[in-house]
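Biologist: I am new to this one, and I would like to understand the words people use for it. Could you show it to me and walk me through a few of them?

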Amino acid sequence: MRISTAQLFNQNINSILNKQSATSQIIDQLSSGKRVNTAGDDPVAAIAIDNLSQQNALVDQYMKNIDYANNRLSLTESKLGMAENLASSTREQVLRAVNGTLSDTDRQTIAEELRGTLEELLAIANSKDESGNYMFSGNETGTQPFAFDASGNIVYSGDSGVRQSIVASGVTIGANVPGDSAFMNAPSGLGDFSANYLSSQVGDFDVESARISNPATYVADTYTFTMAGANLEVRDSSSTLVTTVAGFDPSTPVQFNGIEVKLDGMPVAGDSFSITPQSSVSIFDTINQAISLIEDPNKVNTPQGKAELAQILNNIDGGVNQISIERGVSGIGLKSLESYSTSHVEEKLVNSSALSLLEDLDYASAITELEKQQVALQAASSVFSKVGLTTLFDYI
């Protein structure tokens, strides 16, 4: 078989180039510390490495979301804890104010203390985070959630939105507590209604509970109760007689139109009061009502004042409990975030171990292989130089 000079030249050049390429590849691996730098190095391993890298990138994003939600919920839990303590203190202040031995000046002082407490509570409810966003505005983070209206009542301008953070595949956790849930929607202390008492009240009584007992027969309205002799008459807003309880006994609840009302104490003939549908109350309104009661010297320690006081105390308890519930929601969220964070750390550790097995370079083997390739390259170069310089004239 004849081998031309050109063929011989090409074979030697290709051999040298292949050795140079193999040497260069090993040098790249040694520089990067990675066995697989391109898909051509190991196509199967490259696919697995790409998948694991994507999983780690996704875990990193989950961890960032968890950090964000953790910061928001930690701050929220702290603020709600402060609000819970403030709201709890109002109960003691109110009870201290209705002490019969206090003067009007003393009660006015306590009323001013309550105003200060209300302002502190309002400041907490209008708190901002480090980015200047309102914490308790729901999704309306640029809108101040709470403010006094023209009538002196505190109104909520945010929404009920809960901002969700994606913390795992298909898993979201709320990163905030809407202000209406924490401060505006406490269950009414009476159940589903609020009671209104008259200054003409003589009997020592108050409404213990007023609830919807049968939604199917419930008729929403404002109902007035009047003691007519020994009987208790119930009329609707049009003064139509709804029911009469002959020989009224306060130990037995009054039932009518799907409603059940229970009194604590006994009205006397001529006493009258009314109930209005109200299933939720605001802690702010409750404190305002307490201030109004304390500042009215003609009402404190009267039968009407005592009845209103009982309702106020019930509503304060409900407001404190509602703040506590929402604080608990924040705590549960923080605990869940901690659990998912731990899970992601473990997942990334497993992924990183698998990546190391797939792409990390065995330096000892790589250095040995580099030396082999360099020797082979030198040999190929030496052979090519000697063959290339040999001609027919050397044998003539």
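Biologist: Leaving aside neighbours within four places in sequence, which residues is glutamine 93 in contact with?

Modeller: Happy to help! This is a predicted model. Beyond those sequence neighbours, glutamine 93 is in contact with Ile110, Glu113, Leu114 and Thr117. Glutamine 93 itself sits in helix 2, which covers residues 43–97.

Biologist: Why is glutamine 93 called buried?

Modeller: Its relative accessible area is 10%, and buried means under 20%. The value of 10% falls under that cut-off, so glutamine 93 counts as buried. Across the chain, 38% of the 396 residues count as buried.

Biologist: What makes helix 3 and helix 5 roughly antiparallel?

Modeller: Look at the angle. The axes of helix 3 (residues 104–125) and helix 5 (residues 283–295) cross at roughly 170° and come within 9 Å. Angles over 145 degrees count as roughly antiparallel, so this pair earns the name. Their crossing is left-handed.

Biologist: How do you know that helix 3 and helix 5 meet?

Modeller: Residues of one meet residues of the other: helix 3 brings, among them, Leu114, Leu118 and Leu121, while helix 5 brings residues including Phe284, Ile287 and Ile291. By class, this contact has 12 nonpolar, 2 polar and 4 charged residues.

Biologist: And how many helices and strands does the chain have?

Modeller: There are 7 helices and 14 strands. Among contacts in the chain with a separation of 6 or more, 67% come from residues 24 or more positions apart.

Key
Residues numbered from 1 in each chain as written. Predicted model: local features only at pLDDT ≥ 70, side-chain atom pairs only at ≥ 80, totals over all residues. Heavy atoms only, no water. Helix = DSSP H or I, 4+ residues; strand = E, 2+ residues; numbered from the N terminus. Buried < 20%, exposed > 50% of the residue type's maximum accessible area, 1.4 Å probe, protein only. Contact = heavy atoms within 4.5 Å. Axes fitted to C-alpha atoms, helices over the stretch in contact; angles between N-to-C directions. Parallel < 35°, antiparallel > 145°, perpendicular 65-115°, else oblique. Left-handed = near helix turned anticlockwise from the far one by under 90°. Nonpolar A, V, L, I, M, F, W, Y, C, P; charged D, E, K, R; others polar.
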